[in-house]
Amino acid sequence: MQITSPYFKEKSSEALKDANLQKAMGNVERGFIDKRANAAANLPEFEALRDRAKEIKDHVLDHLDLYLENYEEKVQETGGRVHWAAGAQDARNIILDICKRANAKTVTKGKSMIAEEIAINEHLERNGIEPIETDLGEYIIQLRGEAPSHIIAPAVHVNKEEVEADFRRSHRHLPPGRNLEDPTSLLSEARSVLRDKFLAADVGITGANFLVAETGTSIIVTNEGNGDLTQILPRVHIVLASIEKIVPTLEDVSQILRVLARSATGQDMSVYTTFSTGPRRAEDPDGPEEYHVVLLDNGRSDMLGTEFQDMLRCIRCGACMNHCPVYNAVGGHSYGWVYPGPMGAVLTPTLIGVEKGGHLPNASTFCGRCESVCPMRIPLPKMMRHWREKEFERHLTPDGMRRGLLLWAWMAKHPKLYHAGSRLVINMLGMIGSRKGSFKRLPLAGGWTEHRDLPVPEGQTFQQQWAARRRNSKVGQAA
Amino acid sequence: MNRRSASSNRATPNGRASILAKIRKNVRNPEDPVRVARVADRLSRSPVGLIPARARKPHDKQVDLFCEQAVKVQASITRIKSIEDLPTALAEYLRDRNLPKKVRMGNAPFLKQAGWDKLPDFEISNGPSVGDDPVGLSHAFAGAAESGTLILESGSDNPTTLNFLPETHCVVIRASDISGDYETAWTAVREKYGKGNMPRTVNMITGPSRSGDIEQTLLLGAHGPRALQIFVVED
């Protein structure tokens, strides 16, 4: 996947002018925000469960090495294999090896953001193995040759007319005159096309929402059932999971499950929460004969003990992006890599470097909605601020902005000068624009006036008004 | 793919040792002498967290809540007096929906007690699904009232493929196996398999399969069953 994060501003400008995208993004509010609010309101213990969920993950992160060792031991006890992948290339090699040993021609895939992170599809294709995405949204974007634009609704940027066109282009074996106007007919077509692929696949790759240390279990949470067909039908099941997915016990998972679906889609529970432990047992009539877990680090252990550790609590529900005014305006592709929205703005610079991902933490109004809905109480705005500071410290901020910020900081430290300066500017702008009411263009403020008019200042500065109010109230008290 | 540094594009020998070493270097308080004991304690005690109030009620109310919640997520419910009423109730359900008289099920002893000779004109077979079964029948060992969730274990009694491949999934559960919360099911699993052990697959199922991936509009029947019918046996 080509990283375009450095071009966030350009991509955003294009996105704002893209009528199809803007229409599709309108579904986010309808599809997610109200549903989450209702689900949270219907469970009086929701806020307390958020606290519990946060505590569980904090505890895990402080003992991550020990829980990983416990988890590995349990997987091995049940006949599964654990492969440790320090980086993306390691994970790609491990997965390709397993597929080659299985003589795999086709590989079905459940939805996994880590699979996007390591770009496994491209790697399998280059080596003559066909990867087939089976989540409906992932399938749609695979046909379109696109990346996901949302971590739980990968095709949220696509309208149904576009899906229809993609299906007609890709499913040439079906009658061209068929009716696909109704979304139900699109779903049925995907179901029947993919059913054959499920049954034919040699290897199934899924992600994992959780790994349970107590039992050596991997868990996937889905609505469609595609993840299950991916992992029970082929002879080999590969679980691709990052190291921070560990939770201690089944009880701990139950706590987090109570906030996961509510925060994501507003369901009390997703339809399928599936616990997989090792390969099929001697008495099992179905299930995979081989069970592999690829544990991916890829920069996460570097976040431990830093100001970004809290990000490792993330359970990938997507609530932060659903509630983000910037994400809603520009869509996920503007962010230029795998993880969009506020969680992506924090995670991307950690994983691909601040040089490439440093723009993203600037794409925030700091309104704080992301933190207020995060089930794991991750202080996203605070961490975006950390990145801005790092970007500034490392001189990655453009010169003009740096000089402006330094000038502003110097002025702010000299209040008398600051007040005098702002009085002067306000008065001048007021005089120049007194007849116009607003400015259509203004030197040094092109970023503002390009998209909207700047109202002409009226009267006094805030400081002057404040001083006047205090004077008046004192007069009032004295009388 | 472009990565932060060239090094991460190279294979790392002994990933396990290098990952664990890095975690130990960066984790807070790595020298804390009670770390190991704390982890062992949590894994052995598996402390129960917060159980929502809605789950904590008398058993008959839990069964009612289970049924209500399941219907809310588009499952359908039939309450029957005894397992022997199952064949007739199932035949009625299938007839009402114009479904074929063909059922695939596992070897669960509870389902065998139903007496399937009551349906002589039905094609009833046992074993996993290979994809062409219109109706699958399973036995859930537990149910959680708080969200109307069925909990099923894999094995020859209940092949996992039956939960996903047939278009219609029928699940039988004893009312006495329904409890308020998920945690009660884990206690049952531990009693059967021993602490720290699980069957190959445990499926928590909450309603029939669905997708919201086309314009965030909820559609039933994605890749799994289009319909989920639950028979609650009031034993």
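Where in chain A is A:His292 found? In this predicted model, A:His292 sits in strand β10 of chain A, which runs over residues 290–296. With a relative accessible area of 4%, A:His292 is buried. Leaving out residues up to four places away in sequence, A:His292 touches A:Arg81, A:His83 and A:Ile98, along with a run made up of A:Val236, A:His237, A:Ile238 and A:Val239.

Stepping back to the chain as a whole, chain A has 22 helices and 12 strands. Its C-alpha atoms fill a box of roughly 90 × 60 × 45 Å along the principal axes. Of the 479 residues in chain A, 59% are buried. Contacts in chain A also reach far along the sequence: among those between residues at least 6 apart, 72% join residues at least 24 apart.

Next, the nonpolar cores. The largest one has 130 residues, and A:Phe210, A:Met311, A:Tyr339 and A:Met343 have the most contacts inside it. Apart from that core lies another, of 43 residues, which includes A:Val163 and A:Leu186 as well as B:Leu165 and B:Ile178. In soluble globular proteins, nonpolar side chains tend to be buried together. Back in the largest core, what does A:Met311 touch, not counting residues up to four places away in sequence? The list holds three methionines, A:Met303, A:Met343 and A:Met383, plus A:Val346, A:Leu347, A:Ile378 and A:Leu380.

A:Val163, named above as part of the core of 43 residues, is also one of the buried residues of helix α9 of chain A. The others in that helix are A:Glu162, A:Glu164, A:Asp166 and A:Phe167. Together, the buried residues of α9 pack against α2 (19–41), α8 and α10 of chain A. Just ahead of this helix comes A:His157, in the loop between α8 (136–144) and α9 (160–170). A:His157 counts as buried because its relative accessibility is 8%, under the 20% cut-off. Its side chain makes a polar contact with the side chain of A:Ser149, at 2.8 Å. Beyond its neighbours within four places in sequence, A:His157 is in contact with A:Ser149 and with A:Leu21, A:Ala24, A:Ile141, A:Glu146, A:Ala147, A:Glu162 and A:His333. A:Glu162, then, turns up both among the buried residues of α9 and among the contacts of A:His157.

How do the two chains meet? At their interface, 126 residues of chain A are in contact with 87 residues of chain B. About 8800 Å² is buried between the chains, and carbon and sulfur atoms give 54% of it. More than any other three residues, A:Arg191, A:Glu251 and A:Arg258 contribute to the area that chain A buries against chain B, supplying 9%. The rule finds 13 salt bridges across the interface. A:Asp302 forms a salt bridge with B:Lys22, where the closest N and O atoms are 3.5 Å apart. Polar contacts between chain A and chain B come to 48 residue pairs. On the side of chain A that touches chain B, helix α10 (residues 183–200) gives the most, with 11 residues. By class, that side has 54 nonpolar, 39 polar and 33 charged residues.

Over in chain B, B:Asn126 has its place in strand β3, residues 123–126. At 38% relative accessibility, B:Asn126 is partly exposed. A polar atom of the B:Asn126 side chain lies 3.0 Å from the backbone oxygen of B:Gly106. Setting aside neighbours within four places in sequence, B:Asn126 is in contact with B:Gly106 and also with B:Arg104, B:Met105, B:Asn107 and B:Lys112. B:Pro159 is 33 residues from B:Asn126 in sequence, while their C-alpha atoms are 9.5 Å apart in space.

Finally, a word on backbone angles. Most residues other than glycine have a negative phi. A:Ala119 has a positive value, with phi near 50°, and B:Asn98 has a positive phi of about 55°. Buried or exposed, where does each stand? A:Ala119, in the loop between α6 (113–117) and α7 (120–126) of chain A, is buried at 8% relative accessibility. B:Asn98, in the loop between α4 (86–96) and β2 (102–105) of chain B, is exposed at 72%.

Definitions and conventions: Residues numbered from 1 in each chain as written. Chains lettered and ligands numbered in written order. Predicted model: local features only at pLDDT ≥ 70, side-chain atom pairs only at ≥ 80, totals over all residues. Heavy atoms only, no water. Helix = DSSP H or I, 4+ residues; strand = E, 2+ residues; numbered from the N terminus. Buried < 20%, exposed > 50% of the residue type's maximum accessible area, 1.4 Å probe, protein only. Contact = heavy atoms within 4.5 Å. Polar contact = N/O pair within 3.5 Å; in protein donor to acceptor, adjacent residues only side chain to side chain. Core = buried A, V, L, I, M, F, W, Y, C linked by side-chain atoms within 4.5 Å. Buried area = accessible area lost by both parts, 1.4 Å probe. Salt bridge = Lys/Arg side-chain N within 4 Å of Asp/Glu carboxyl O. Nonpolar A, V, L, I, M, F, W, Y, C, P; charged D, E, K, R; others polar.
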